[in-house]
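Here are a few short exercises to work through with the model open beside you. Try each task yourself before reading its solution.

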Amino acid sequence: MSTARQSRPAELLDPPRSSPDLDVRDLEQRTRLMRIVTRLIAVSDLGSREIARRAGLPMQKISDLLAGKLEHLSIDELRLVHRTIEQQGATH
């Protein structure tokens, strides 16, 4: 009885990816921005629904952001949420 295993290419052993490959720099930038935005949301007088409304984004995007689902938001969406919260802070 042989104990030798068939060798397969690594791509056959890796699980399928649920999100597209992300550039490392883009991911780092989005991660930093996500941390800033989630802190701003936490101290903001605005609720998640109001932030979503003012940013023109679906509420689900804000929920994904707060749940750490970074792959669901683009850098532009994160910047938009950041500007929305910053504008609210500037008016108070």
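**Exercise 1.** Find which residues L78 touches, not counting residues up to four places away in sequence.

*Solution.* Start at L78 and look for contacts, meaning heavy atoms within 4.5 Å. You should land on R30, L33, M34, V37, L65, L70 and L73. Before going on, note that this is a predicted model, where local features need pLDDT of at least 70, side-chain atom pairs count only at pLDDT 80 or more, and totals for chains, interfaces and linings use all residues. Residues are numbered from 1 along each chain as its sequence is written, and side-chain values use heavy atoms, with hydrogens and water left out.

**Exercise 2.** Work out whether R30 is buried or exposed, and what its side chain reaches.

*Solution.* First, place R30 in helix α2. Next, check its relative accessibility: it's 4%, so R30 counts as buried (under 20% relative accessible area, with a 1.4 Å probe and protein chains only). Finally, follow the side chain of R30 to the backbone oxygen of L70, 3.1 Å away.

**Exercise 3.** Describe how α2 and α4 pack.

*Solution.* Take helix α2 (residues 24–43) and helix α4 (residues 59–66): their axes sit 10 Å apart, at an angle of about 105 degrees. That makes the pair roughly perpendicular (65 to 115 degrees). Now list who meets whom: M34, V37, T38 and I41 from α2 face I62, L65 and L66 from α4. Sorted by class, that's six nonpolar, one polar and no charged residues.

Methods:
Axes are lines fitted to C-alpha atoms, for helices over the stretch in contact, and angles run from 0 to 180 degrees between N-to-C directions. Helices (H or I, at least four residues) and strands (E, at least two) are DSSP runs, numbered from the N terminus. Angles under 35 degrees count as roughly parallel, over 145 as roughly antiparallel, 65 to 115 as roughly perpendicular and the rest as oblique. Ala, Val, Leu, Ile, Met, Phe, Trp, Tyr, Cys and Pro count as nonpolar, Asp, Glu, Lys and Arg as charged, and the others, Gly among them, as polar. Buried means under 20% relative accessible area, exposed over 50%, partly exposed in between (1.4 Å probe, protein chains only). A polar contact is a pair of N or O atoms within 3.5 Å; within protein, one must be able to donate a hydrogen and the other to accept it, and residues adjacent in sequence count only if both atoms are side-chain atoms.
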